[in-house]
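Me: I am new to this structure and would like a close look at one part of it, namely the strands together with the charged side chains that go with them. Please take it slowly and explain what a strand is before you use the word.

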Amino acid sequence: MGHRDGRLDLMIANYVDFDLATAPTPGERPSCVWKGVPVMCGPRGLPGAKNILYHSRGDGTFEDVTTKARIDQTDGHYAFSVSTLDYNDDGWPDIYVACDSTPSILYRNNHDGTFTDVAVVAGAAFNEDGREQAGMGATIGDYNGDGRLDIFKTNFSDDTSTLYRNNGDGTFDDVTSAAGLGLYTKYLGWGTMFLDFDNDGWPDLLLANGHVYPEVDKNNLGSNYEEPRILYRNLGKGAFADISASAGPAIIARASSRGLAIGDLWNDGRISAVITNLNSAPSLLVNQVRNSNHWIAIRTVGTKSNRDGIGARISVKAGPRTLMDEVRSGSSYNSSSDIRVHFGLGSAARVDSVQIRWPSGLIERFDNLPADAIHSLKEGSGTAIPLQAVKPS
């Protein structure tokens with residue numbers, strides 16, 4: 001990942017350095033009380049744990065490059081979820097980490113095996129009020145169709161989720177309120193994913209919620225331990241509408257949920273979701289949307305790049321729109337989704353072209369791909385586009 005050598009590396013976010021022998025008990029100190037009620041302690045008051053980066057040696061073993069890569073320069077964060085994205089479009093994967101009670105981390109790839117945490121200067125560490133939040137899960141997508149990858153993050157209760165719009169100059173703006181995503185402060189969010197559930201060409205948002213303190217139910221603290229899901233429909237003009245109430249029993253269902261993964265489980269172009277719930281069976285959310293919208297899905301097969309093509313940037317030109325996303329694994333919260341990249345095409349029945357920028361640096365075009373199908377595209381089998389022909393962004 002940090003080296004673009006065709007081998008997949010491993011980034012691990014760590015939370016607290018927890019020791020049962022020394023851990024305080026509920027109510028024992030200020031960080032073990034919430035709204036006046038004794039609760040389990042943390043993360044404040046507990047020692048943070050360092051994030052770890054493992055570099056693949058290519059022989060089935062990994063080398064711990066945490067210090068060499070300067071991943072450990074960011075300390076004292078309670079890190080939860082990892083998302084990779086090339087936020088500055090330089091062809092090298094960067095890493096976003098949602099952190100609990102502490103500022104988020106944005107590791108910028110320096111192209112030499114090292115990273116620099118630029119979250120504060122990039123505007124992705126705090127919310128628009130300049131407050132650190134309790135980040136849980138995160139997802140990456142181009143919500144406004146401008147060809148740049150944006151970041152959405154879920155947070156603790158008594159706060160909103162956060163949408164960071166990528167400005168294209170290496171910085172982000174918190175546009176949560178303007179995008180209509182500041183409605184709920186009572187829910188505690190975990191797994192979340194951008195997904196185009198209705199295939200209209202605009203990525204929507206699904207959120208899994210659930211509280212961490214079982215005590216909230218009996219103490220009337222303005223939250224519930226089991227909470228419903230939220231489905232936001234992307235209106236295509238930089239804003240979202242909450243359609244949860246009319247989105248069916250799987251969205252209204254209450255649980256103390258954590259993980260959320262998405263995928264085209266029946267290979268029919270409709271994205272469904274799986275959610276894990278504490279002390280309960282997982283939920284399978286089956287997409288029942290029927291409409292005449294079209295779609296296309298891409299499975300990347302790397303040759304010089306890593307075999308799964310993770311880190312490849314895919315652009316789909318269909319009519320007036322150019323849709324863009326990257327191949328990634330992980331994101332959400334403790335979850336791994338369908339690695340195939342899915343694009344809703346709306347009323348466009350044909351795709352003009354698909355362009356892939358591979359992690360190896362090769363840029364190629366694939367023409368005449370039928371819509372409403374899943375395509376495996378192998379690195380080197382398209383029409384190579386010379387670098388000088390690619391317009392600088």
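Reply: A strand, as the word is used here, is a run of at least two residues that DSSP marks E, and strands are numbered from the N terminus. The model is a predicted one, and everything below should be read with that in mind.

A convenient place to begin is V82, which sits in strand β6 (residues 78-85). With a relative accessible area of 18%, V82 is buried, because buried means under 20%. Setting aside neighbours within four places in sequence, V82 is in contact with M11, A13, I95, Y96, G330 and S331. A distance along the chain can also be set beside one in space: V82 and G311 are 229 residues apart along the chain, and their C-alpha atoms are separated by 14 Å.

One of the contacts of V82 is M11, and strand β1 covers residues 10-12. Strand β1 runs antiparallel to strand β4 (residues 52-56), the two being joined by 3 bridges, and within this pairing I12 stands opposite I52. Strand β4 also pairs with strand β5 (residues 62-64), again in the antiparallel sense and over 3 bridges, with D64 in β5 as the bridge partner of Y54. These two strands, β4 and β5, form a hairpin with 5 residues between them, and G58 in the turn has a positive phi of about 90°. The loop between β1 and β2 (33-34) holds V16, whose contacts, apart from neighbours within four places in sequence, are P43, L46, P47, G48, A49 and Y78. V16 and Q355 are 339 residues apart in sequence, and their C-alpha atoms lie 42 Å apart in space.

A second hairpin is found further along the chain, where strand β22 (residues 313-318) and β23 run antiparallel and are joined by 6 bridges. There are 2 residues between the strands of this hairpin, and G319 takes a positive phi near 65°. I314 has D325 in β23 as its bridge partner. D325 also belongs to a network of salt bridges that links it with D86, D89, R313, E326, R328 and R357.

The same aspartate leads on to an enclosed space, since D325 is among the residues that lie nearest the centre of the largest cavity, together with F194, I262, V341 and H342. A search of the whole structure finds 3 cavities of 30 Å³ or more, and the largest contains about 550 Å³ of space. Its lining is made up of 36 residues, and β23 gives the largest share of them, 6 residues. At least two lining residues come from each of β10 (138-141), β14, β18 (257-263), β23 (321-326) and β24 (341-346).

From F194 it is a short step to another charged residue, D204, whose contacts include F194, D198 and R233. D204 is found in strand β15, and although it is buried it has no salt bridge, the nearest side chain of opposite charge being that of R233, 5.0 Å away. That distance matters because a salt bridge requires the nitrogen and the oxygen to be within 4 Å.

R233 does have a partner in D198, with which it forms a salt bridge whose closest N and O atoms are 2.8 Å apart. D198 lies in the loop between β14 (189-195) and β15 (204-209), whereas R233 lies in strand β16 (residues 230-234), so this pair ties together parts that are 35 residues apart in sequence. The two ends of the bridge have their own surroundings: D198 counts as buried at 7% relative accessibility, while R233 is partly exposed at 30%.

Two further pairs can be set beside that one. R148 forms a salt bridge with D146, with 3.4 Å between the closest N and O atoms; here R148 is partly exposed at 32% relative accessibility, and D146 is also partly exposed, at 29%. In the other pair, the side chains of D352 and R350 meet at 2.8 Å, N to O, with D352 partly exposed at 29% and R350 exposed at 54%. Counted over the structure by the cut-off given above, the salt bridges come to 17.

Key: Residues numbered from 1 in each chain as written. Predicted model: local features only at pLDDT ≥ 70, side-chain atom pairs only at ≥ 80, totals over all residues. Heavy atoms only, no water. Buried < 20%, exposed > 50% of the residue type's maximum accessible area, 1.4 Å probe, protein only. Helix = DSSP H or I, 4+ residues; strand = E, 2+ residues; numbered from the N terminus. Pairing = 2+ DSSP bridges. Lys, Arg positive; Asp, Glu negative; His and termini not counted. Contact = heavy atoms within 4.5 Å. 1 Å grid on protein atoms, 1.4 Å probe; cavity = no way out; pocket = protein on both sides within 12 Å on 5 of 7 lines; lining within 4 Å. Points joined across faces, edges and corners; volume = space filled by probe spheres on them.
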